[in-house]
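Work through the exercises below with the structure open beside you. Try each task before you read its solution.

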Amino acid sequence: MNERIEPRASRFPRLLRRGPCEAVTMLLIGLGVVMLMQPFSLNLFSYSFVTILAGTLGFVIVSHFPD
Amino acid sequence: MSTVAAHSVAEPSQLAKTIGGMLVATYAIIAILPLLWIFLTSFKTPTDSISYPPKIISESSVEGYVNLFTTRTRQTPEFLASLPPPQTWYERLVRSRNMVIAGPSKVVPRFINSIVIGFGSTFLAVCLGTIAAYAFSRFRVPLADDLLFFILSTRMMPPIAVAIPIYLMFRNLGLTDTKLGMILLYTAVNVSLAVWLLKGFIDEIPREYEEAAMVDGYSRLQAFFKVVLPQAITGIAATAIFCLIFAWNEYAFAVLLTSGDAQTMPPFIPFIIGEGGQDWPAVAAATTLFFLPILLFTVLLRRHLLRGITFGAVRK
Amino acid sequence: MSTLAERADARAPRRLAFRLSTMSDRAIAWLFITPSVLLLLAINIFPLLWTIQLSFTNYRANRPNAPLRYVGLDNYRDILSDPDVWHAMQATAHFVLWSIGLEMLIGFGLALLINRRFRAHSFWTTMILLPMMLSPAVVGNFWTFLLQPQIGLFNSVVAFFTGADPSSFQMIGDVALAPWAIVMVDVWMWTPYVMLICLAGLRSIPDYIYEAAEVDRASRWRQFWSITLPMVMPFLMLAILFRAIENFKMFDMVNLLTSGGPGSTTEVASITLKREAFEKWRTGYSSALAIILFVTVFGAANIYVRVLDRVKQR
């Protein structure tokens, strides 16, 4: 892909860097998908879409954070 | 230690190879069997095709193909006797079933629709895709990653989810059941694949070629047309075939947005019916004819297949 | 000597050519990208926004003149508390999980075998690849023929090997078997896809790693678990995610093979959506369902592209 040489964003808080945040939002998406398709609880199913939406929107935002 | 040196891991033993080959061949034969069966069925008579137990060897007949291309009406023997004798072999065949040919069936216009829509959308998608891919490959486009993801995500959309508003949009614009509408729609779906695939191909052409040409006085556009395009021609051809196969195979949009004038083969084939249900030899004949071009293209595409199914990411 | 007008005429095309040739790279980039983006905006994004708007209304496409009423989040609330939709999601889950599980197993196995490069392996590989290039709709249609209880090839073959009566079971008409019929046809069709990607993964592993392991006297089994599998993992993820997305939204093959039946046993998400949108004509309600499916796929597609990037770096 595009080879951009970026200086390490050292001043950006470590916890809010792209890697860990992306992992969290991806987990959220995964969790939402499991909630959507699990056969155990209608309640979980009801909240699945909110979870997926939060995960997806979060991912879109977080993926623009510096590394 | 000599045993280790004798057989390198990269080169498995002869026995392992033979066993592997046999297993793979077995799988391939099982996987091909349904296709062979359809091919065989297309050359069976209607009675043989639905015999119980299924007949592997039966008298061969082209009745399926004749039925596919014609519509027929059943007549009384008295009426048939009053007709002049049949002129052609297919009339004779139909007459032997106590039927007369009423006219051609709709299969030829449907095939033509498939071809027109397939080639039209492929041409547009490849043209748009090539220039966009070149721009993404060579220039610093702001937000390039986001744009590329946006382009890819449009292909990931569930067709039925997009079909609702497109149905309404086409209804308002008068594009329902028109070839133009289907061409535009398939172009939009294919352009994402075309951009991603062609970006991969163009990335592989060294920039030095164009730079040398531009030093020689070519403008950027001339360099694109005279240096990059000829280099990318294999990639463009492979991409075109992928787009063509997609448009050829597409069903969800076709069944929801077309009903007659612009209907393509996939929604048409399930509705080839004879007297009392589906006319299986005719369906099999249509399926065979429909698959033949794809089989040919698959063989041609063999080396680029992997790129095509991974949006150009895996290059082997 | 020529007149002024003639001279101007002669200069005009040259000026145009001049302008094109000195166009800045930035201008060319935008000129080249804009048509594709505009097309996608018109045919994908505009409809998507429209769907979002419709999902908050009670609109029915078969009654365009009925008064349009905004119902807020009611459609979403209805869908997300509807046991029928929930069951459709479970049917989808059954289909997705089993088809992908089997495809991974068979596909990876085949890839390991083909990687031994036996004689004529490229011929057999091409043969195996054929089903995945075919039209899912036409495939679904002709499998209904193969799966007919008496006249179909499948039942006869099963009967031949198990001794059961070929008319004693029907793959499509039986509530218990129909979900497996769609899994089976999907596995038949898409195992080659998984195999091809796994094969690429296996071939991307450099030989020297195995040679080093051989020097360390690692067993074959050990080599598989600590070299082959981790190295192929990104490729497996790629195949799993793509197949999961595709099967989650699977419509054409299932629509023609079982069209959701018998009853609603094989009614996967897309079939529910089609029934709501184009049979019951509850456009507003089905738009909300479409958005739910879309957001799910979009979320998964984000992850897919991350994996794609990882594979590309190899």
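Two strands pair if DSSP finds at least two bridges between them. Keep that cut-off for the first exercise. The model is predicted.

**Exercise 1. A strand pair in chain B**

Task: Find how many bridges join strand 1 of chain B to strand 2 of chain B, and in which direction they run. Then decide whether strand 2 is buried or in the open.

Solution:
- Step 1. Locate strand 1 at residues 70-74 of chain B. Strand 2 covers residues 99-104.
- Step 2. Count the bridges. There are 5 between these strands, and the strands run antiparallel.
- Step 3. Check one facing pair. B:Arg72 sits opposite B:Ile101 of strand 2.
- Step 4. Test for burial. A residue needs 20 or more other C-beta atoms within 10 Å of its own to be buried. The number of buried residues among the 6 of strand 2 is 0, so this strand lies largely in the open.

**Exercise 2. Two residues with positive phi**

Task: Say where B:Asn98 is found and where C:Arg117 is found. Are they buried or exposed, or in between?

Solution:
- Step 1. Look at the backbone angles. B:Asn98 has a positive phi of about 60°, though it is not a glycine. For C:Arg117, also not a glycine, phi is positive at about 50°.
- Step 2. Place them. B:Asn98 lies in the loop between helix 6 (89-95) and strand 2 of chain B. C:Arg117 lies in the loop between helix 4 and helix 5 (121-133) of chain C.
- Step 3. Count neighbours. A residue with 12 or fewer is exposed, one with 20 or more is buried, and one in between is partly exposed. B:Asn98 has 13 other C-beta atoms within 10 Å, so it is partly exposed. C:Arg117 has 14, so it is partly exposed.

**Exercise 3. Helix 2 of chain A**

Task: Compare the expected span of helix 2 of chain A with the distance between its end C-alpha atoms. Where does the helix bend?

Solution:
- Step 1. Take the length. The helix has 21 residues, 42-62.
- Step 2. Use 1.5 Å a residue. The helix should span 30 Å, and its end C-alpha atoms are 30 Å apart, which agrees.
- Step 3. Find the bend. The helix turns by about 35° at A:Ser48.
- Step 4. List buried residues. A:Ser48 is one of them, and others include A:Phe45, A:Phe49, A:Ile52 and A:Phe59.
- Step 5. Ask what covers them. The cover includes helix 1 (18-37) of chain A, plus helix 3 (74-80), helix 4 (83-114) and helix 13 (283-312) of chain C.

**Exercise 4. Helix 2 of chain B**

Task: Find where helix 2 of chain B bends and what its buried residues pack against.

Solution:
- Step 1. Check the span. The helix has 28 residues and reaches 40 Å from first C-alpha to last, close to the 40 Å expected.
- Step 2. Locate the bend. It is about 40° at B:Leu33, and the proline B:Pro34 follows within four residues.
- Step 3. Note burial. B:Pro34 is buried, as are B:Gly20, B:Tyr27 and B:Ile38, among others.
- Step 4. Name the partners. In chain B they are helix 3 (46-49) and helix 16 (280-301), and in chain C they are helix 4, helix 5 and helix 6 (136-146).
- Step 5. Turn to the whole contact between the chains. Chain B gives 86 residues and chain C gives 80. Helix 2 supplies 16 residues, the largest share of the chain B side. That side divides into 68 nonpolar, 14 polar and 4 charged residues.

**Exercise 5. Chain C and one of its residues**

Task: Decide whether chain C is a compact globule or more spread out. Then place C:Met89.

Solution:
- Step 1. Count elements. Chain C has 13 helices and 0 strands.
- Step 2. Compare radii. The radius of gyration is 27 Å, well over the 20 Å that the globule rule gives for 314 residues, so chain C is more spread out than a compact globule.
- Step 3. Go to C:Met89, in helix 4 of chain C. It has 25 C-beta neighbours inside 10 Å, so it counts as buried.
- Step 4. Look along the chain. C:Val268 is 179 residues away from C:Met89, yet their C-alpha atoms are separated by 6.5 Å.
- Step 5. List contacts. Leaving out residues up to four places away in sequence, C:Met89 touches A:Leu36, A:Met37 and C:Ala269.

Technical notes: Residues numbered from 1 in each chain as written. Chains lettered and ligands numbered in written order. Predicted model: local features only at pLDDT ≥ 70, side-chain atom pairs only at ≥ 80, totals over all residues. Helix = DSSP H or I, 4+ residues; strand = E, 2+ residues; numbered from the N terminus. Expected span 1.5 Å × (residues − 1). Bend = angle between axes of the 7 residues up to and from the residue. Contact = placed C-beta atoms within 7 Å. Rg over C-alpha atoms; globule rule 2.2 N^0.38 Å. Nonpolar A, V, L, I, M, F, W, Y, C, P; charged D, E, K, R; others polar.
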